[in-house]
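Hi,

Here is the structure I promised to pass on. Have a look first, and my notes follow below.

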Amino acid sequence: MRLIIISGSSGSGKSTALHVLEDMGFICIDNLPASLLPNLVKRINQDDEKQYAVSIDARNSEEDIASLPLLIQNADVAALNYRVIFLDADENVLLRRFSETRRRHPLSNQNTNLQAAIDKEKLLLKPIIDIADVNIDTSDMGFHDLRDLVKRNIFAFYSSGTSVLFQSFGFKYGLPRDSDLVFDVRCLPNPHWDISLRTLTGNDEGVIKFLEKEQEVIDMYNHIREFLERWLPSYDANNRSYMTICIGCTGGQHRSVYLCNLLMSHFSKTLDDVQCRHRELAQ
């Protein structure tokens with residue numbers, strides 16, 4: 001039996017997360033009153049084959065939200081294979097999203113402007129934040145990024161072992177918010193300075209041949225690989241559902257892409273769930 005509780009700030013992507021779960025076969029209920037959770041759990045206990053996802057957020061009453069931690073501690077709920085996922089984003093990002101969509105915040109009214117509504121919501125949702133198993137910052141995420149992260153999280157939670165994502169990025173565009181480990185490879189020879197390679201990426205044969213001839217690149221790869229071989233089992237033993245390992249170069253186009261591809265290829269031979277994403281190439 002599976003139960004996923006989605007919560008978070010308005011504008012953080014809760015609807016997207018719920019749609020992802022629906023596509024994965026979950027029966028989804030948006031804006032479930034928290035006080036009805038015990039009744040839903042009884043229904044789930046009668047139907048072992050179904051998996052459910054519910055959204056509980058600021059559209060609930062303050063009393064219902066405050067009672068959620070106790071409701072989850074209920075023996076029937078605790079016996080379920082459940083997870084609480086909380087989505088959030090920077091205040092400026094939330095303000096921009098509401099401005100772009102022209103939607104009304106659920107807590108705003110004639111006496112409460114958007115800024116005050118966002119502040120009020122943070123306080124209101126504090127009881128859920130405190131019990132969340134996973135907190136996801138969606139500030140820098142597009143639709144596809146959030147969809148992939150939700151899928152990773154769900155797959156990792158209901159499977160054995162740690163899910164590993166190797167993510168390349170460019171330092172000049174900022175550090176990925178979801179980083180668990182970061183390796184800086186800007187010290188390596190840069191294909192950017194070869195005009196014939198400048199427009200290519202670490203996925204292209206010309207760049208691959210350039211980098212695989214450089215001993216520094218080979219040494220960096222081996223040192224990162226050896227570090228991860230030593231320590232990933234410890235993260236796994238500590239019940240980490242997933243790890244995001246980021247490799248950064250200046251622009252996120254050549255060196256970091258090449259090394260992420262090598263690391264994914266190596267660790268996919270020994271780990272069940274290994275993925276690779278190139279942040280700057282996806283833009």
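How do the residues of the lining of the largest pocket divide into nonpolar, polar and charged? Keep in mind that this is a predicted model. The split is six nonpolar, 10 polar and seven charged.

A bit more on that pocket: its volume is about 550 Å³, and 23 residues line it. Nearest its centre you'll find G11, S12, G13, S15 and R103. Helix 1, helix 5 (91–101) and helix 8 (143–157) are the elements that each give two or more residues to the lining, and helix 1 gives the most, with four.

The second largest pocket comes in at about 340 Å³. Of its 18 lining residues, D140, M141, D145, R277 and R279 are the closest to the centre. Here the largest share comes from helix 8, with three residues. This lining divides into six nonpolar, five polar and seven charged residues.

Now the sheet. It is open, has five strands in the order 2-3-1-4-5, and the pairing is parallel. At the edges are strand 2 (27–29) and strand 5 (134–137), each pairing on one side only. On average, neighbouring strands are turned by 20 degrees against each other, direction ignored. Strand 4 (residues 81–88) pairs with strand 5 over four bridges, and D88 has D137 in strand 5 as its bridge partner.

Helix 1 turns up again here: residues 14–23 lie across strand 1 (2–8), strand 2, strand 3 (51–55) and strand 4. The helix runs at about 165 degrees to strand 1.

Cheers

Methods: Residues numbered from 1 in each chain as written. Predicted model: local features only at pLDDT ≥ 70, side-chain atom pairs only at ≥ 80, totals over all residues. Heavy atoms only, no water. Pairing = 2+ DSSP bridges. Axes fitted to C-alpha atoms, helices over the stretch in contact; angles between N-to-C directions. Contact = heavy atoms within 4.5 Å. 1 Å grid on protein atoms, 1.4 Å probe; cavity = no way out; pocket = protein on both sides within 12 Å on 5 of 7 lines; lining within 4 Å. Points joined across faces, edges and corners; volume = space filled by probe spheres on them. Nonpolar A, V, L, I, M, F, W, Y, C, P; charged D, E, K, R; others polar.
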